Amino acid sequence: MISHSKITVDASMISKVECNMCGNTVWDVGQKIAVRADFLSVNMLWSRNSNKEGQEDHWDLCEECYDKLVLQFKVPITTATPTDAEQFKD
Ligand SMILES: [Zn+2]
């Protein structure tokens, strides 16, 4: 597990997002009825400490696929409850 900084993306700039694992649309503001579900978005620029130096990968997961993925982890994820999260507000 590593520490990382947060990247904020303005949601109004996103038009459509599909889950890379199952293909379901998780975000589409172009439809008459907009799809706006939470999803995990990963951006990775590989450094010289990898075999993919300079390669930039991007993928997104819907909540259901996220749950399936994290269940496979040997080290459980760190989770904050809403009460804990409120402590991190400005
Ligand atoms: Zn999915």
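This report describes the strands, helices and sheet of one predicted model.

## Overall make-up

The chain of this predicted model contains two helices and five strands, and when the elements are read along the sequence they follow the pattern β-β-β-β-β-α-α. The five strands thus appear in that pattern ahead of the two helices.

Of the 90 residues in the chain, 8% are buried. Where contacts link residues at least 6 apart in sequence, 32% of those contacts join residues at least 24 apart.

## The three-stranded sheet

Three strands form an open sheet in the order β1-β2-β3, and their pairing is antiparallel. The strands β1 (16–18) and β3 (35–36) stand at the edges of the sheet, and because each of them has a single partner strand, one side of each is left without a neighbour in the sheet.

## How the strands pair

Strand β1 pairs with β2 in the antiparallel sense, with three bridges between the two, and within this pairing E18 has T25 in β2 as its bridge partner. The same two strands, β1 and β2, make a hairpin in which six residues lie between them, and in the turn of this hairpin G23 has a positive phi of about 85°.

On the other pairing, strand β2, which covers residues 25–28, is joined to β3 by two bridges, and these two strands also run antiparallel. Here D28 stands opposite V35, a residue of β3.

Definitions and conventions. Residues are numbered from 1 along each chain as its sequence is written. This is a predicted model: local features need pLDDT of at least 70, side-chain atom pairs count only at pLDDT 80 or more; totals for chains, interfaces and linings use all residues. Helices (H or I, at least four residues) and strands (E, at least two) are DSSP runs, numbered from the N terminus. A residue is buried if 20 or more other C-beta atoms lie within 10 Å of its own, exposed if 12 or fewer, and partly exposed in between; C-beta atoms are placed from the backbone. Two residues are in contact if their C-beta atoms, placed from the backbone, lie within 7 Å. Two strands pair if DSSP finds at least two bridges between them.
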